[in-house]
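Got the model open in your viewer? Let's take a walk through it, one selection at a time.

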Amino acid sequence: MAVPRHEKLLPLRGRGTIRVANGGGVTPSINRGHPSVSRSRGCQFRVNHAPHGLGSSGGLSDPELPFQGRSFFASSLFALAIAFHAAPAAAQTPEQRAERVLASAPVIDGHNDLAWAIREGGGALPDLTQNTAALPLPFQTDLPRARAGHLGGQFWSVYVPAELHGDEAVRVTLEQIDLVRRLVAANPQMALASSAAELRAAMRAGKLAGMMGAEGGHQIAGNLAVLRLYHALGVRYVTLTHFKSLAWADSSTDAPRANGLSDFGRAVIAEMNRIGMIVDVSHTSDATAAAAIAASRAPVIASHSGARAVTDAVRDLPDPLIRALAAKGGVVMVSFYRGHVSNAWRAWDKARTDFAARVGVKADVYGAKAPAPLVAWEAEHPAPRVTAADVADHVEAIARVGGKGAVGIGGDYEGIAGNAPEGMSGVDGYPALFAELARRGWSDAELAGLAQGNVLRVIEAVEAVARASAGEKPGTAALEE
């Protein structure tokens with residue numbers, strides 16, 4: 001949410017903010033678990049008690065406790081607010097600006113693979129109220145770090161491997177949907193949402209709001225009824241492919257089979273539009289992405305990708321696709337994976353993988369827990385540094401082509417083998433990126449759009465297309481292999 005020009009938001013050192021108008025009055029601002037103060041023209045102060053939570057989105061109204069202007073408590077708070085806000089907003093450090101903006105507009109992240117990481121670790125639900133980084137099998141996600149990183153909304157991936165087909169792919173997808181629902185039910189600070197309005201409401205209540213995304217068209221097993229049932233269970237986007245091409249859509253990391261989209265692929269897009277499910281073109285080939293963008297009546301996203309002009313990775317989008325996606329009102333949600341954001345790291349990783357193949361060990365584990373030959377190799381060949389500045393380069397490259405309304409955040413935490421940029425190792429890392437962009441001149445409104453406004457606009461547009469399609473009959477197309 002942009003801060004009006006005639007107002008300033010003053011941070012209370014991690015205890016929320018106070019909004020000060022140019023005329024000297026203080027009005028309440030959303031506060032995460034701590035009181036905030038307001039001062040009216042009649043010199044009356046109010047303390048707003050916001051629920052303790054992970055973040056908020058503007059518009060939360062809390063009970064007010066009036067205090068008279070001569071109250072020592074109110075006077076002290078007002079003096080404290082003035083002291084903190086003596087400097088104009090422009091004089092704040094980039095880090096302070098990032099914290100201030102994200103306190104009002106917490107991040108909605110497009111992709112997190114926590115559900116599959118839990119399954120790979122044995123399936124037991126972790127205690128997300130504790131820092132999970134120190135576990136024997138560490139995670140990048142937990143509620144304390146989400147709070148610190150101003151993560152307000154998350155698309156939870158219900159990924160299953162592309163090697164699964166048919167009934168098995170559907171069964172495992174249902175198990176992953178159930179895992180996410182059980183995880184949310186076990187944590188009162190979390191909530192599942194089925195619409196943009198529910199996302200906003202959950203964030204206003206201080207919860208980590210969530211939707212689900214299926215990461216590959218193989219998960220519908222060539223059946224539109226399965227697609228509809230996923231939607232009924234809370235899945236709100238489908239990535240058209242994963243690592244393998246399908247008979248109806250092609251992957252960026254496999255040989256083409258459909259040469260874009262088949263007739264059934266276009267029927268999938270039409271049905272997603274009809275029911276209000278977002279089309280996701282991360283992982284797809286350029287031809288499939290272009291065909292999907294052209295076929296969709298609603299905006300399209302790339303839930304965890306980057307700009308190929310910056311990093312030569314097939315998982316990143318070239319400028320023509322960014323331009324086409326933006327023209328349809330879509331959003332590219334930038335991945336934090338080092339291999340998506342840094343050419344130098346990609347070259348290092350290829351050399352590492354080649355070495356692993358020569359000595360006969362797997363290359364999918366990094367750092368101290370990697371096979372001994374790789375630990376020794378990494379010691380002799382340190383990885384190139386990757387920082388928030390590298391991610392910011394992708395954000396800005398997408399914005400230059402598609403506009404600042406065409407970019408969002410899709411960190412891909414839990415799906416990147418721990419390979420996030422320095423200072424962004426977990427979900428507490430978002431402020432580092434926003435501080436870097438503030439340093440580069442992004443306005444508060446632009447930062448808020450990147451954090452959540454742009455993707456909320458897409459969700460609402462997809463919902464509008466579904467409402468306009470209410471009279472259409474469900475699709476009955478069948479896949480012909």
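**Stop one: the largest pocket**

Start with helix H12, which gives the most to the lining of the largest pocket, with four residues. Keep in mind as you click around that this is a predicted model.

Next, select Asp364, Gly415, Ile416, Ala417 and Gly418: of the 50 residues that line the largest pocket, these are the closest to its centre. The volume of this pocket is about 1,800 Å³. Now highlight helix H3 (114-120), helix H11 (338-341) and helix H12 (343-359), the elements that give two or more residues to the lining. Colour the lining by class and you should count 24 nonpolar, 12 polar and 14 charged residues.

**Stop two: H7 and H8**

Move on to residues 224-232, helix H7, and residues 263-275, helix H8. How are these two helices packed? Their angle is about 30 degrees and their axes are 11 Å apart, so H7 is roughly parallel to H8. The crossing here is right-handed.

To see the contact, show side chains for Leu224, Leu227, Arg228 and His231 on H7, then for Phe264, Ala267, Val268, Glu271, Met272, Arg274 and Ile275 on H8. That set splits into seven nonpolar, one polar and three charged residues.

**Stop three: H2 and H15**

Now pick helix H2 (residues 94-104) together with helix H15 (residues 430-439). This pair packs at an angle of about 120 degrees, with axes 8 Å apart, and H2 and H15 are therefore oblique to each other. Turn the view until one helix lies in front of the other: H2 passes H15 in a right-handed crossing.

Which residues make the contact? From H2, select Pro94, Glu95, Arg97, Ala98, Glu99 and Leu102; from H15, add Pro431, Phe434, Ala435, Ala438 and Arg439. Seven of the contact residues are nonpolar and four are charged, with no polar ones.

**Last stop: H6 and H16**

Finish with helix H6, residues 196-204, and helix H16, residues 444-468. Here the packing angle is about 145 degrees, and the axes are 9 Å apart.

On the H6 side, bring up Ala196, Leu199, Arg200 and Met203. Facing them in the contact are Gln452, Leu456, Ile459, Glu460 and Glu463 of H16. Colour this contact by class too, and look for five nonpolar, one polar and three charged residues.

How values were computed: Residues numbered from 1 in each chain as written. Predicted model: local features only at pLDDT ≥ 70, side-chain atom pairs only at ≥ 80, totals over all residues. Heavy atoms only, no water. Axes fitted to C-alpha atoms, helices over the stretch in contact; angles between N-to-C directions. Contact = heavy atoms within 4.5 Å. Nonpolar A, V, L, I, M, F, W, Y, C, P; charged D, E, K, R; others polar. Parallel < 35°, antiparallel > 145°, perpendicular 65-115°, else oblique. Left-handed = near helix turned anticlockwise from the far one by under 90°. 1 Å grid on protein atoms, 1.4 Å probe; cavity = no way out; pocket = protein on both sides within 12 Å on 5 of 7 lines; lining within 4 Å. Points joined across faces, edges and corners; volume = space filled by probe spheres on them.
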